[in-house]
Amino acid sequence: MSAGSRAGDVILEVSNISLRFGGVKALTDISFDVREHEIRAIIGPNGAGKSSMLNCINGVYVPNEGSITFQGKTFSHMNSRQVAEMGVARTFQNLALFKGMSVLDNIMTGRNLKIKSNLLLQALRIGPAEREEIRHRQFVERIIDFLEIQAYRKTPVGQLPYGLQKRVDLGRALAMEPRILLLDEPMAGMNVEEKQDMCRFILDVNDEFGTTIVLIEHDMGVVMDISDRVVVLDYGKKIGDGTPQEVRNNEDVIRAYLGTSH
Ligand SMILES: Nc1ncnc2c1ncn2[C@@H]1O[C@H](COP(=O)(O)OP(=O)(O)OP(=O)(O)O)[C@@H](O)[C@H]1O
């Protein structure tokens, strides 16, 4: 079911990252790697540092120490736009969609970085701009079919149930044609059926688009079935790293999870 058997070379390497907010050590000396095509989960109880880690990878936070290597290029900090241009897209725990805009238009916003024609040509919809728009629309339609949301193409996103909004957010990120997709608690707040759907879509994205996926989650159960390898954080430190089976049997991980309500 998982992509482990075809995981390739290391595409992303996090090296000795530490991050502090005043006196709070959000991350302490975290290192791990992500291989091409794999589904890599970062799990941990509340406040473990998962979101902080994701925000260091996608350029929102500047780590106090450490570096990140993406496709062979090492950087201690890049801004969010540079990271996006290198092929890293993300979804958000608190949805970042335009609620009054249609599903189609929301997903189209994910193409913005890829639109090359100038604004005047776009506004007039002439020549190359028109051809370019048709190409982008075709790609967006492919995503809409893939995510099985054809029936809601013209529906304002704010009118959709939460699980479908999360799917649109995934579509917006996919529209960027990312090499790496960062998913911030993609199953949070969902019912069982919505969680199953989202798991299926994550596996399909990984399989059909070949996208490398890094997802964070605090519920250990849901990620164990779909992940190739799992990093476990607790109080900002890495306490486990390995296959789901290895992580499940790790004494420190068991202790961290038994000590919380998860
Ligand atoms: N912007 C910030 N300012 C100050 N402290 C912060 C900030 N962001 C995170 N922290 C602190 O850093 C630590 C790690 O938080 P983080 O949100 O990364 O954890 P998390 O594992 O994502 O938690 P959750 O599962 O609850 O989302 C926590 O102690 C948190 O209070």
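User: In this predicted model, in which sense do strand S1 and S2 pair, and over how many bridges?

Analyst: In the predicted model, strand S1 covers residues 10-21, and its pairing with S2 is antiparallel. One place to look for this pairing is Val10, which stands opposite Arg35 in S2. Counted along the pair, the antiparallel pairing of S1 and S2 extends over 8 bridges.

User: Which residue takes a positive phi in the hairpin of S1 and S2, and near what value?

Analyst: The hairpin of S1 and S2 has 2 residues between the strands, and the backbone there can be followed from one strand into the other. The residue with the positive phi in this hairpin is Gly22, and its phi is near 55°.

User: What is the order of the strands in the open sheet of 4 strands?

Analyst: Besides S2, strand S1 pairs with strand S4 (residues 65-70), in the antiparallel sense and over 5 bridges, and within this pairing Ser18 has Glu65 of S4 as its bridge partner. S4 is in turn joined to S5 by 3 bridges, with the two strands running antiparallel, and here Thr69 has Thr74 of S5 as its bridge partner. The edge strands, each of which pairs on one side only, are S2 and strand S5 (73-75). Read across the open sheet with its antiparallel pairing, the order is S2-S1-S4-S5.

User: Which strands are the edge strands of the open sheet of 6 strands?

Analyst: This sheet has mixed pairing, and its strands follow the order S6-S7-S8-S3-S9-S10. From one strand to the next, the twist averages 15°. The strands that pair on one side only are the edge strands, namely strand S6 (88-90) and strand S10 (237-242).

User: Do strands S7 and S8 run parallel or antiparallel?

Analyst: Strand S7 consists of residues 180-184 and strand S8 of residues 212-217, and 5 bridges join them. An example of a matched pair is Leu181, whose bridge partner in S8 is Ile213. The direction in which the two strands run relative to each other is parallel.

User: What angle does the direction of H1 make with that of S7?

Analyst: Helix H1 packs on the sheet, where it touches strand S3 (39-43), S6, S7, S8 and strand S9 (229-234). Taking S7 from among these touched strands, the direction of H1 makes with that of S7 an angle of about 150°.

User: Which element gives the most to the shell around the ligand?

Analyst: The residues around the ligand include Phe21, Val24, Ala26, Lys50, Ser51, Ser52 and His218. Divided by kind, the residues of the shell are 4 nonpolar, 7 polar and 1 charged. Two or more residues come from strand S2 (24-35) and from helix H1 (50-57). With 3 residues, the element that gives the most is H1.

User: From which element does the largest share of the side of domain 1 that touches domain 2 come?

Analyst: The domain assignment gives domain 1 as 1-87 + 178-262 and domain 2 as 97-177, and 12 residues of domain 1 are in contact with 11 residues of domain 2. On the side of domain 1 that touches domain 2, the elements that give two or more residues are helix H2 (80-85) and helix H7 (192-209). The residues of this side divide into 8 nonpolar, 1 polar and 3 charged. The largest share, 5 residues, comes from H7.

User: What ipTM does the predictor give the complex?

Analyst: For the protein, the mean pLDDT is 87, and 89% of its residues reach 70 or more. For the complex, the predictor gives a pTM of 0.87 together with an ipTM of 0.96.

Key
Residues numbered from 1 in each chain as written. Predicted model: local features only at pLDDT ≥ 70, side-chain atom pairs only at ≥ 80, totals over all residues. Near = placed C-beta within 6 Å. Nonpolar A, V, L, I, M, F, W, Y, C, P; charged D, E, K, R; others polar. Pairing = 2+ DSSP bridges. Axes fitted to C-alpha atoms, helices over the stretch in contact; angles between N-to-C directions. Contact = placed C-beta atoms within 7 Å. pLDDT = per-residue confidence, 0-100. Domains from an automatic or database assignment.
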